[in-house]
Structures are given as structure tokens and as C-alpha cells.
There are 2 protein chains.
Amino acid sequence: MSRRALPLVFVASVEQPELDEADEHHLRKALRLRDGDAVGLSDGKGHWRQARLGSDAVEVDGEVTFESAPTEPLTVGFCPIKGERSEWFVQKLTELNVDRIIPLISDRGVVRWNEQRSAKLAARFRVTVREAAMQSRRVWLPTVEAPMSVGDALALPGAALADPDGRVATSADRTLFVGPEGGWSDNERAGADLICLPGAVLRAETAAIAAAVVLEGNRGKSK
Amino acid sequence: MSRRALPLVFVASVEQPELDEADEHHLRKALRLRDGDAVGLSDGKGHWRQARLGSDAVEVDGEVTFESAPTEPLTVGFCPIKGERSEWFVQKLTELNVDRIIPLISDRGVVRWNEQRSAKLAARFRVTVREAAMQSRRVWLPTVEAPMSVGDALALPGAALADPDGRVATSADRTLFVGPEGGWSDNERAGADLICLPGAVLRAETAAIAAAVVLEGNRGKSK
């Protein structure tokens with residue numbers, strides 16, 4: 001069975017796999033798998049192995065394969081919003097093969113940041129990323145950075161802001177940030193490299209997906 | 001003020017504009033506009049004109065401009081799901097400049113179709129399209145077709161199915177259909193032109209957005 005077709009579950013080690021209780025519950029209850037059914041195991045760091053659900057433990061059923069880390073990793077930053085919709089951004093960016101996700105602290109963002117909230121949000125996002133990566137059969141787990149200011153994020157190599165006044169993205173662009181509903185402040189835009197996204201006037205959530213699709217669609221075209 | 005910056009509202013005629021009651025309510029209550037504030041008016045058929053809110057009526061405040069219909073219109077089809085999430089697809093496709101939206105009746109779709117449901121759904125989608133197009137400042141309102149089978153939709157010129165086994169889209173591709181969560185049936189895939197979308201394993205909602213971004217990103221590159 002192909003790797004994409006098998007339900008994927010992350011384990012600490014594919015050599016001596018042990019399922020998290022919550023993951024086993026998900027496989028058996030949500031996906032309705034039973035003893036003997038095949039699953040894929042990954043450590044989220046490129047290793048993958050086929051296995052079968054057993055009554056006691058998960059039983060390995062194939063050799064370990066390894067997929068190298070992406071040579072041109074993609075980074076997308078977005079401005080978290082209140083409530084659970086921020087998890088939705090993280091889920092979508094994971095589906096779309098983004099390698100690094102940066103929560104941005106923006107002048108017009110709606111979340112008021114403090115240390116406690118930053119730590120809590122980053123922790124929640126890492127749970128979401130793990131679930132979404134299993135759903136999307138990714139063997140490399142995306143990284144979620146701690147929230148950073150737009151200024152700090154723009155200091156990353158090749159970073160650009162999504163903006164209607166920007167240029168078209170090329171395959172050299174691999175780091176793109178999407179603004180809050182209210183747009184970037186003049187201060188944030190000043191001197192920044194601007195890239196326009198396809199479409200009309202986009203909501204922030206649509207823009208984040210569009211950014212990921214554009215980068216991912218261009219990935220590898222430079223080769 | 002630029003056309004993109006002004007709140008947009010659709011009217012039957014930009015020559016003798018009259019606001020719908022619901023639209024006026026939206027402008028005044030949700031967007032908090034007052035008498036004298038500028039708005040853009042459009043007939044959804046390429047005409048646009050600036051105006052101001054008045055206490056009695058909307059007062060025109062500029063000449064009528066006209067934008068030609070897109071010469072390379074884009075079509076995206078998707079499989080409606082139960083509840084309000086289908087409206088979400090329509091909203092996103094409108095934001096992303098899709099010109100024609102087709103609700104697809106698919107072997108593995110979850111909506112059981114009948115004539116009454118088809119008519120009701122298409123009517124609801126037209127309301128959503130109108131709201132989303134105002135939000136996105138589009139002066140050409142996308143068309144929403146009546147629900148059609150995947151087989152019928154594939155008979156449209158240049159139509160292709162989004163599928164992981166497909167080829168990469170080119171700027172010649174302008175009609176793309178996205179399957180239900182369960183994927184296309186063998187019958188639907190047989191003989192169809194298949195196009196792969198960027199990303200890992202995508203949920204249906206992410207795939208619909210990705211399809212629109214890819215087509216819209218390619219639009220005009222052939223010129």
C-alpha cells in the first residue's frame with residue numbers, strides 16, 4: 001500500500017514504536033481501524049515505516065525508509081486571531097507543505113501579546129501541526145516558531161510581505177508573511193520586499209492559503 | 001480614493017442606483033458608514049461608479065467606468081457538503097477571482113441531490129457570491145451554475161480533475177474540479193485529464209482554494 005494511502009501516526013521512534021494513547025484512540029474510534037489493520041509510522045523527521053495495529057502494541061511490518069529534509073524549506077508567517085480560527089491557519093499551512101510557520105506580532109493584529117499567551121499559543125499550534133501533519137501524511141513535521149514581531153521576521157533571509165502593491169512571486173521566494181485583516185502598518189511596509197497574491201481583495205485566512213500555494217507551486221521550479 | 005479601498009455595493013443600475021435595504025443596513029451597521037461617506041457602486045457586470053451615502057438615497061459622485069469581462073475566464077467545480085461549509089467554498093472561490101463556480105454531483109459526494117435541493121442550493125450560493133464579491137471589490141459577479149454531474153462537467157472544454165496522480169497545471173488550464181473528501185470514483189477518473197495541486201494530502205476545502213490560486217496565478221502568463 002502506498003504511503004499516502006495509509007493512515008499516518010507519529011511516534012517518538014520508528015525502531016521501537018509506542019503509540020500515544022490519544023493517537024491510538026483516534027485510529028480506533030475516528031478512523032475505525034481494528035487489530036491487524038495497516039498504519040504508517042513516522043518520527044516526523046523523515047523516517048517512515050509500515051506497521052499493524054495489535055491488541056497490545058503496534059507491530060512493525062516493514063523496513064524503515066528515510067526521506068531527506070526539504071532542500072528549499074518554505075516559511076509562511078501569519079497574524080493569529082482570537083479563538084480557534086488561528087488553529088485553522090496552522091492546519092492549512094501544514095496541509096500545504098509549509099516547513100516553518102511563524103506567528104507574527106503585527107501593529108494591526110488583534111491579539112494582545114504577553115509572554116504567557118505567546119507560550120500557550122505556540123504550544124497549541126504544535127499540537128495542531130502534529131494532527132494536521134498526520135492527516136496530510138507528512139513525514140517531516142513543520143516547525144512552529146515562537147511569536148515574533150514583523151520587524152524581526154523581516155530580518156530573516158529573503159523574507160517578504162504579501163501586499164496588493166507587490167511584485168509577482170518567483171521560485172526564489174520561500175519566506176512570505178500575510179498581514180492581519182486591517183493590513184500592514186506603514187511602518188511595517190516601509191522598505192519591505194512586497195509580493196502580491198493571486199485573487200481579488202483577500203481575507204487574511206484566504207491570503208495565508210494563497211501564500212502557501214504560491215510558494216509550494218514554485219518550489220523546485222528553479223531546479 | 002482607489003476602487004479597492006472603497007466599500008463596494010451592487011445595484012441593479014449604476015445610472016439610477018437604488019440600494020437594497022439589506023445592503024444599506026450592512027453599510028451602516030456592520031461597516032459603520034454615515035451620510036456623506038463614499039462607497040463604490042457596481043452592477044456586477046463591469047460598471048463601477050463612486051457615490052456617497054445620503055439620508056434619503058445614494059448620491060452618485062463620479063463618472064461610470066467600465067472594466068471588460070475577463071478574456072480567460074476561470075471555472076472551478078467543487079462537491080458541496082452538508083451545512084454551511086459549502087458557502088465557505090463559494091466565498092473563497094469568489095475572493096480568488098474565479099469567474100464560474102460549478103457545484104458538482106459526484107459519486108462519493110455526501111449531498112443526496114434532488115431537484116428541490118439543487119434549486120435551493122444554487123439560490124443560496126448566488127447570495128453568498130454576491131456578498132463575497134462586494135467584500136472582495138469585484139465588479140464582475142461570478143456565475144454559479146446549477147449543480148451538474150462530474151461526467152457532464154468534464155464535457156466542458158478543457159475541463160480537468162484535481163488528482164494527486166495528475167500533471168502540473170499550465171496557463172492553458174482554466175477549468176478545474178476538486179473532488180469530495182472520499183476522492184473521485186474510478187468511473188469519474190477514467191479518461192479524465194488529471195492535474196495535481198501543490199501540497200501534501202489536502203482536505204477538500206483546501207484543495208478548492210489551491211485550485212483557484214493555481215489557475216488565477218497562471219492566468220495571463222500565456223499572454
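In chain A, helix H2 passes helix H3 in a right-handed crossing. The model is a predicted one. This report starts from that crossing and then turns to the sheet, the loops and the chain contact.

**Helix H2 and its crossing with H3**

The axes of H2(A) and H3(A) come within 9 Å and cross at roughly 40 degrees. That angle makes H2(A) oblique to H3(A). From H2(A), the residues that meet H3(A) are A:Glu87, A:Val90, A:Gln91, A:Thr94 and A:Glu95. On the H3(A) side stand A:Arg124, A:Phe125, A:Thr128, A:Val129, A:Ala132 and A:Ala133. By class, this contact has five nonpolar, three polar and three charged residues.

How many of the 11 residues of H2(A) are buried? Eight are, so the helix is largely enclosed by the rest of the structure. The buried residues are A:Ser86, A:Phe89, A:Val90, A:Gln91, A:Lys92, A:Leu93, A:Thr94 and A:Glu95.

What do these buried residues pack against? Within chain A, their partners are strand S6 (75-78), strand S7 (100-105), helix H3 (115-135) and helix H6 (204-218). Helix H6 (204-218) of chain B joins them. The surroundings of H2(A) thus include a part of chain B.

After H2(A) comes A:Asn97. The phi of A:Asn97 is positive, near 70 degrees. Most residues other than glycine have a negative phi.

**Strand S10 and its partners**

Strand S10 (residues 159-167) of chain A pairs with strand S11 and is joined to strand S12. The table sets out the two pairings.

| Partner of S10(A) | Sense | Bridges | Residues standing opposite |
|---|---|---|---|
| S11(A), residues 175-177 | parallel | three | A:Leu161 and A:Phe177 |
| S12(A), residues 194-195 | parallel | three | A:Ala162 and A:Ile195 |

In a regular strand the side chains alternate between the two faces of the sheet.

**Residues in loops**

A:Glu67 sits in the loop between strand S5 (65-66) and S6 of chain A. Is A:Glu67 buried or partly exposed? A:Glu67 has 14 other C-beta atoms within 10 Å, so it counts as partly exposed. A:Glu67 and A:His47 are 20 residues apart along the chain, yet their C-alpha atoms are separated by 6.5 Å. Leaving aside residues up to four places away in sequence, A:Glu67 touches A:Gly46, A:Trp48 and A:Val139.

A:Arg137 lies in the loop between H3 and strand S8 (143-144) of chain A. Its phi is near 60 degrees, a positive value in a residue other than glycine. A:Arg137 has 18 C-beta neighbours inside 10 Å, and therefore counts as partly exposed.

In chain B, B:Arg137 is found in the loop between helix H3 (115-135) and strand S8 (143-144). The phi of B:Arg137 is positive, near 60 degrees. B:Arg137 is partly exposed, with 18 other C-beta atoms within 10 Å.

**Where the chains meet**

The contact takes 22 residues from chain A and 22 residues from chain B. On the chain B side, helix H2 (85-95) and H6 each supply at least two residues. Which element of chain B gives the most to the side that touches chain A? H6(B) does, with seven residues. The chain B side has 10 nonpolar, five polar and seven charged residues. H6(B) has already appeared above, among the elements that the buried residues of H2(A) pack against.

Methods:
Residues are numbered from 1 along each chain as its sequence is written. Chains are lettered from A and ligands numbered from 1 in the order in which they are written. This is a predicted model: local features need pLDDT of at least 70, side-chain atom pairs count only at pLDDT 80 or more; totals for chains, interfaces and linings use all residues. A residue is buried if 20 or more other C-beta atoms lie within 10 Å of its own, exposed if 12 or fewer, and partly exposed in between; C-beta atoms are placed from the backbone. Helices (H or I, at least four residues) and strands (E, at least two) are DSSP runs, numbered from the N terminus. Two residues are in contact if their C-beta atoms, placed from the backbone, lie within 7 Å. Two strands pair if DSSP finds at least two bridges between them. Axes are lines fitted to C-alpha atoms, for helices over the stretch in contact, and angles run from 0 to 180 degrees between N-to-C directions. Angles under 35 degrees count as roughly parallel, over 145 as roughly antiparallel, 65 to 115 as roughly perpendicular and the rest as oblique. A crossing is left-handed if the near helix is turned anticlockwise from the far one by less than a right angle, and right-handed if clockwise. Ala, Val, Leu, Ile, Met, Phe, Trp, Tyr, Cys and Pro count as nonpolar, Asp, Glu, Lys and Arg as charged, and the others, Gly among them, as polar.
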